[in-house]
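Subject: Structure handover

Hi there,

Here is the structure I promised to pass on to you. Have a look at it first, and then read on for what turned up.

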Amino acid sequence: MTLARAEGLRWVFRFAVGTVTVLLIVAASRVNWEASPDSESELRLSWRYVSPTVEACRPPTDQELSGLPQHMRPSEICEGGPIPFSLRIALDGQVLREGPVVGGGERAISIYERFDVTPGNHDLAVDFWPDTAEVPLPEGLAQQLRRTVPFTGGRAILLTLGELGFEVRNQVP
Amino acid sequence: MSSIKKTLRYVVTRLDAALNRVYGWRFNPLYQSGSLVVLALVIMLITGLYLLLFYRIGSPADSVARVTAQPWTGRWIRSLHRYAADLAVVAAAVHAVRMFFQGRTWGPRALAWVSGLFLLFLIYVCGWTGYVMVWDLQAQLLAMEGARLLDALPIFSQPITRAFVGEAPPPSPFFFLNLFLHIAIPIGMAGALWLHVSRVARPVLLPPRPLLWGVTGILFFWSVAWPVPMYEIADLLSLPGDTTVDVFYSFWLPFSRALPPGLLWGALISAGALLTAIPFFTRPAPDNRPQPSYVEPRFCTGCEQCYVDCPYDAISMVARDDDRGYELGLVDPALCVSCGICAGSCAPMGVGPPLRTGRDQLEDVTQFIERQAPSGSDVVLVACSRSAGGSGSEARGTPIYPVTCVGNLHTSVVEYLVRSGAGGVLIAACPPRDCWSREGPTWLDERLYHDREAELKARVDRRRIRVVYAAEAESGLLSRELQSFRAEVNQLGTASADADIDLELICLPSETEGAR
């Protein structure tokens, strides 16, 4: 074998080694992975709700006014705040979540829940109601859903609260 | 820690030797790992500029699909962009492993280590935003899992995962922010890269041209032969089942889906803290810590060679406080890594680490010659402790004179060995791009053959001197070179010792020498 031929073969070998090495890197950039099995489905609840505020106002007492400078004396004192709410989620009669939901201070209530569900038809029961003894409350605050919902493997069902009440979605608008 | 280093050193040095056989040390990609990261970033920058022309934040998946559908340009440019991103991660990991087992992580090099970790973090964040830009199933996974991780932190008043719950498509501001980060982060990378190399002189940012074009060519080849397709577009109400993911940027997904976010954050923070603390863990005990170089003022002639040769810019020239008209070298101990290359650069032997200055080396070699008494047919092996000659196992029967780095070796030592009657001097050095002190073999070659200070004097017979670049696991190469050199030396005839060697003449400066 001549020197030139040997050198030529060496260059071919160099490119072959480099090509295979980069091939391994390229192959590792497209690996199949089952992030979640197709046998799973999911229920998601997501909405943001600005709770109405209930306040009871009264004139201040002399004692309350006496401790304040003239320019800081209010004409009336209102007590109250956003109405607390509670949420109950049940699937086929089994309660998944039940309890109060709060927004933190004066902020809106933010609901975000995820539950793994076996594909198939399931009876979904959701209640979202003002949980307070204060009376009277504005009408139409409590929301309720009772529906049989089909869950498909590999898909999520989203329950959200719009102006017209609960909406069940299986497609992104 | 030392057992981890030993294991890594064993594996990597064997890989080095294997690739040296294929590519030679000049083009061994493992020796160019840092510059390959920069090459990958440059490729991403150029291809990214093209992709940016077509990306639309209002319809991200459609715009990427349009680019991918361009058969002559967009398809392979997009693939080249992605494959370069993967190469950047691989090369950065190789670079970090090399620096770790070579002990180049503590002291003055701690800044390079920590800034390197930060650069790798930026590469990952940039890669995350790049994959999300495509808005396919992998992007959906990365976005949702990233949001889930961020929600575990007490930052947001509402969970940001709600943006990906399926109430509506992600808003355009999300893609705008993503694109902004993807473009802004590389600008930050430029700054981090500047910091990363700020403590080295003459940083080599790109690989040699044959390797540069070879790597680019192979990446281009696979971009054309196996381009990245357009995968299934993201559907927020679809649970990502079989998804195609990039192992280099999505390796954390299985953990994020299996572990609680708090636990994953704990693991990430712990890993980051451990890596950042490596300069602390790898720092030798005070008794074993190599001492920085120092300049002996009475010997310094102000020639500036040590200042020029120092691979870490640790030496500056300052005004003297005596009546000599030239400047004095001053070593900054905070920057000096004690490689000793300054000692090899100094003709009057006025600088160097303790016990490794030129004068110390002459004392050592004098004792070596008295002990070993090399004959006129003997070849003395001067071996860098990190080269193949470091173990000494392949040179039985050969007198071995060890050095910590061939850059530290003063040419007067070589001259003394030859003129003391040794048949030949074979210097075993690490391949220049693998020198643990960066420039040792380069300066040695210049001093022996190209009159760089402190040059080997013309009176020394060059036929009796040879330099071989043999990496740690290339003992076979060293053995063959030793045999070959012995045969050459035998043909030259037996060397005889000079009777009139005056060490004082060799190492004391003339009183009339001054700054150049």
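Asn28(B) sits in the loop that links helix H1 (2-23) to helix H2 of chain B. Is this residue, Asn28(B), buried or exposed? Its relative accessibility is 0%, and because buried means under 20%, Asn28(B) counts as buried. Setting aside neighbours within four places in sequence, Asn28(B) is in contact with Asp16(B), Leu19(B), Asn20(B) and Tyr23(B). Please keep in mind throughout that this is a predicted model.

Moving on from that loop into the helix that follows, you will come to Val42(B), which is found in helix H2 of chain B. With a relative accessibility of 34%, Val42(B) counts as partly exposed, since that class lies between the 20% limit for buried and the 50% limit for exposed. Val42(B) also belongs to a nonpolar patch on the surface, together with Leu45(B), Ile46(B), Leu49(B), Leu52(B), Ile183(B), Ile187(B), Leu205(B) and Leu206(B). Taken together, these residues have about 800 Å² of accessible area. Which helix gives the most to the patch? That is H2(B), with five residues. Helix H2 (33-54) and helix H7 (172-196) of chain B each supply at least two residues of the patch.

Another residue of chain B to look at is Arg148(B), located in helix H6 (residues 137-151). Arg148(B) counts as partly exposed, as its relative accessibility is 24%. What does Arg148(B) touch, not counting residues up to four places away in sequence? On chain A, Arg148(B) touches Arg114(A), and on chain B it touches Thr161(B), Ser256(B), Arg257(B), Leu259(B) and Pro261(B). For a sense of distance, take Arg148(B) and Ala454(B), which are 306 residues apart along the chain: their C-alpha atoms are separated by 62 Å.

Now for chain B as a whole. Its secondary structure consists of 19 helices and nine strands, and its C-alpha atoms fill a box of roughly 95 × 55 × 40 Å along the principal axes. Chain B has 516 residues, of which 51% count as buried. Among its contacts with a separation of 6 or more, 75% are between residues 24 or more positions apart. The accessible surface of chain B comes to about 23,100 Å², and carbon and sulfur atoms account for 62% of that area.

Over in chain A, I looked at a sheet. Four strands make up this open sheet, in the order S6-S5-S8-S9, with antiparallel pairing. At its edges are strand S6 (94-101) and strand S9 (143-151), each pairing on one side only. From one strand to the next, the twist averages 10°.

Starting from the S6 edge, strand S5 (residues 85-91) of chain A pairs with S6(A) over seven bridges in the antiparallel sense. One bridge to follow there joins Ser86(A) to its partner Pro100(A) in S6(A). S5(A) and S6(A) form a hairpin with two residues between them. In the turn, Asp92(A) has a positive phi of about 55°.

Towards the other edge, strand S8 (residues 120-130) of chain A and S9(A) are paired over nine bridges, again in the antiparallel sense. Here you can find Ala125(A) with its bridge partner Arg146(A) in S9(A).

Happy exploring, and do write back with any questions.

Best wishes

Note on methods. Residues are numbered from 1 along each chain as its sequence is written. Chains are lettered from A and ligands numbered from 1 in the order in which they are written. This is a predicted model: local features need pLDDT of at least 70, side-chain atom pairs count only at pLDDT 80 or more; totals for chains, interfaces and linings use all residues. Side-chain values use heavy atoms; hydrogens and water are left out. Two strands pair if DSSP finds at least two bridges between them. Axes are lines fitted to C-alpha atoms, for helices over the stretch in contact, and angles run from 0 to 180 degrees between N-to-C directions. Buried means under 20% relative accessible area, exposed over 50%, partly exposed in between (1.4 Å probe, protein chains only). Contact means heavy atoms within 4.5 Å. Patches are made of residues with over 30% relative accessible area and no salt bridge: like charges are joined within 9 Å, nonpolar side chains (Val, Leu, Ile, Met, Phe, Trp, Tyr) within 5 Å. Accessible areas come from the Shrake-Rupley method with a 1.4 Å probe; for residues, only the protein chains shown count as cover. A salt bridge is a side-chain nitrogen of Lys or Arg within 4 Å of a carboxyl oxygen of Asp or Glu.
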